[in-house]
Amino acid sequence: MATASIPRVSASVVVLKAALQKIFENLRAAGFTLVGPRVRDGAIVLDEIAALDDLPRGWTEDKQPGRYRLVPGRNGQYFGFTVGPHSWKQFLHPPSALLFTARKSNGAWVFEPAKPQAPQYAFIGVRPCDLKAIALQDRALLEGPVPDPHYRARRRQVFLLAANCGEAAATCFCTSMKTGPRASTGFDLALTELPDGFLIDVGSETGSEMLQDTEWEPATAFDLGRATQALQRAERQQRELRTDDLPRLLYSNLEHPHWDEVAARCLSCGNCTLACPTCFCTTVEDSSDLRGQVARRTRVWDSCFTGDFSQVHGGNTRPTIRSRYRQFLTHKYASWIDQFGTVGCVGCGRCMTWCPVGIDPTQEVKAFRVSPARPK
Amino acid sequence: MSQAIHIPAMTPAVLPMLPQPAVIRAIKPESYGVATYTLAFQDPALAAAYRFLPGQFNMLYLPAFGEVAISLSSDPAQPQALGHSIRFGGSVTQGIGRLKVGDMLGLRGPYGSHWPLDLAAGKDVLMVAGGIGLAPLRPALLTILKERSKYGRVLLLYGGRTPQDLLYTDEFEAWQKAGVELHVSVDWADENWKGQVGVIPMLFYRIRLEYKKCLVLTCGPEIMMRFVIYEALARNIPRESIYISMERNMKCAVGFCGHCQYGPNFICQQGPILNFATVEPFFGKESF
Ligand SMILES: Cc1cc2nc3c(=O)[nH]c(=O)nc-3n(C[C@H](O)[C@H](O)[C@H](O)COP(=O)(O)OP(=O)(O)OC[C@H]3O[C@@H](n4cnc5c(N)ncnc54)[C@H](O)[C@@H]3O)c2cc1C
Ligand code: SF4
Ligand code: SF4
Ligand code: FES
């Protein structure tokens, strides 16, 4: 038993399931607050967790466009589900963040910046698609013209324990988006659940240290084979989205009648953007005391489906649902590539699951392939 | 820090959405519902370091009201006196309208792209402005007039709804003396108006120039720019030689709120000044 030493970075090891509890304890001892999946209100949500028992062991999700139910899963697995309504962006890019306070003193305004909060989180069970979603938010909020200080402060503290998917939902399409079901980079540790233990890939020094005092063993060819088989099953369970040539397809169909057809179903409720792990749009809210001596500016999540998102003096550049859904879809699959060099969708399926009318982007994109607009 | 990702170092723009206190040094009423505010940073070091290029904008913050994007309308050679010509429209701009000389607001900037004056050297420059759209063109005009001989003909086609809506009318004579061919028109005239009546694109019929060699800089309502482009293309002005200034809702001006997206562009980053050839696939598409 190699209990005293720790494995090197990029090693694959095998541990018994109970060893995860030890990893949790090591993380806590290192100062991390654990955040992971747990069952609440009939869904798997992300929240603080303390122990292995908090995980939704034995649960899985029945997901379809516009439908989500928690149901008992096979074999009492710890990670036999995929993704619930929450995503990690609520911890890295919280729904509300104070930017600054303005104070009037002797008739002059003083602007006091809010100190970015930086809780030290360990994210437990990050799905490969969500890992990629974090990387996409990094592109928008860290690697843009100026890094966002609030996101940066949180992001640099995070420990990422990924969980590869041995089980996919009917709404998943990570294979098409090349984001899963196996995490390739960007994690500290990545586990694959086997019937009797976890295969763990070590992604960083900190990750390796968190295996301290666990009974890990180097993975054998047999372990690696079993893990690959599980992931291949997840790959086959998915829906598909053809991604070649997406920008041209969408840009050349900006006036296609299909947009009217989606607009007739879409409620412009914005659920899809709130559930989406890559959406990063925000607005600001101003508040003040009644005497006009103190004012606060707070940044909050926004959605391109809201009525005043594109308000300009005397009008709105996207007044119709048709124009808003078109913005959503063309941003995800076309302009994101122009802006950040990669598609803005990771195939997690949250948008269609939590869409009250079950609008499914894989089907909407397909409609343009099936009958491209005739050139005018 | 744990897993191996690249976290960029913070630059001095540590808090990109934090305004800096600025004082109103002067207020000049320009036209019905528009006044030019001259602002200066309260901090002398910031004031001394500030520079901007023609066409760029600042974010002006009125505590408890909100923040708005306003173009710089003054001479870039005098970066200590920052002119902002503001139309009193909604809550923030009307709130600014109630401030007096000596009052303060928040200012951050400059942001955005600028008019391509470097490309204009040796060419004829055709500026076409509608209403308050002349504000972001004024710094370009003043810069050109400083080194007038570097450019060919300089034309300004300017239009407003009524004679009362025209900005900087007190400067027109000086501009003309300095070598600007000025053509003004209004949509609705009163009995005192001696000039042209009609929409701005009509002014194209009053001028003649070497269209293949000129550079068009236009700013105004989108529908106006659409007709300007139509007239320009009809005269064989290359689409690459046409620059427009686009307006979209803006909250952050630094590329992470998402509001100002215009197809592949963030108007606060790649814009507001955009080359027409690069946005042609989207320009004029309904509600895009
Ligand atoms: C790059 C740029 C330069 C501009 N330069 C000038 C200028 O020099 N002079 C001037 O008077 N105006 C200018 N504007 C327009 C000005 O920013 C808006 O008219 C202003 O935001 C209206 O704010 P409000 O609160 O008074 O009006 P409201 O109608 O109450 O607006 C509420 C909110 O809507 C948004 N909004 C409304 N109109 C616009 C708009 N046209 N563009 C972007 N967001 C808008 C803002 O977020 C604003 O806070 C510019 C806009 C942009 C994008
Ligand atoms: S667009 Fe839908 S499937 Fe793609 S990342 Fe967002 S929520 Fe997931
Ligand atoms: S696509 Fe669905 S979730 Fe998104 S705004 Fe429309 S109705 Fe709401
Ligand atoms: S104004 Fe926020 S992204 Fe441009």
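**Exercise 1. Which residues are the closest to ligand 1, and how many surround it?**

Solution. This is a predicted model, in which local features need pLDDT of at least 70, side-chain atom pairs count only at pLDDT 80 or more, and totals for chains, interfaces and linings use all residues. Residues are numbered from 1 along each chain as its sequence is written, chains are lettered from A and ligands numbered from 1 in the order in which they are written, and side-chain values use heavy atoms, with hydrogens and water left out.

Step 1. Count a residue as near if one of its heavy atoms lies within 4 Å of the molecule. By that rule 23 residues surround ligand 1. The closest are A:His313, B:Ala69, B:Arg87, B:Thr93 and B:Glu247.

Step 2. Place the ligand: ligand 1 lies between chains A and B.

Step 3. Sort the shell by class. Ala, Val, Leu, Ile, Met, Phe, Trp, Tyr, Cys and Pro count as nonpolar, Asp, Glu, Lys and Arg as charged, and the others, Gly among them, as polar. The shell around ligand 1 then has ten nonpolar, eight polar and five charged residues.

Step 4. Find the elements. Helices (H or I, at least four residues) and strands (E, at least two) are DSSP runs, numbered from the N terminus. At least two shell residues each come from β15 (311-312) of chain A and from β4 (66-71), β5 (82-87) and α2 (91-97) of chain B. With five residues, β4(B) gives the most.

**Exercise 2. List polar side chains of chain B that reach ligand 1.**

Solution. A polar contact is a pair of N or O atoms within 3.5 Å; within protein, one must be able to donate a hydrogen and the other to accept it, and residues adjacent in sequence count only if both atoms are side-chain atoms.

Step 1. The side chain of B:Glu247 has an N or O atom 2.4 Å from a nitrogen atom of ligand 1.

Step 2. For oxygen atoms of ligand 1, the distance is 2.8 Å to a polar side-chain atom of B:Lys251 and 3.4 Å to an N or O atom in the side chain of B:Asn249.

Step 3. Ligand 1 taken alone exposes 830 Å², and the protein buries 88% of that. Accessible areas come from the Shrake-Rupley method with a 1.4 Å probe; for residues, only the protein chains shown count as cover.

**Exercise 3. Describe the interface of chains A and B.**

Solution. Step 1. With contact meaning heavy atoms within 4.5 Å, 65 residues of chain A and 53 residues of chain B take part.

Step 2. Buried area is the accessible area (1.4 Å probe) that two parts lose on being put together, summed over both. Here the figure is about 4800 Å², and carbon and sulfur atoms give 62% of that.

Step 3. A salt bridge is a side-chain nitrogen of Lys or Arg within 4 Å of a carboxyl oxygen of Asp or Glu. The rule finds one across this interface. B:Glu67 forms a salt bridge with A:Arg297, with the closest N and O atoms 2.9 Å apart.

**Exercise 4. Trace the surroundings of A:Asn316.**

Solution. Step 1. A:Asn316 is found in strand β16 (residues 315-316) of chain A.

Step 2. Leaving out residues up to four places away in sequence, A:Asn316 touches A:Gly307, A:Ser310, A:Gln311 and A:Arg324.

Step 3. The side chain of A:Asn316 reaches the backbone oxygen of A:Gly307 at 2.6 Å, and a polar atom of that side chain lies 2.9 Å from the backbone nitrogen of A:Arg318.
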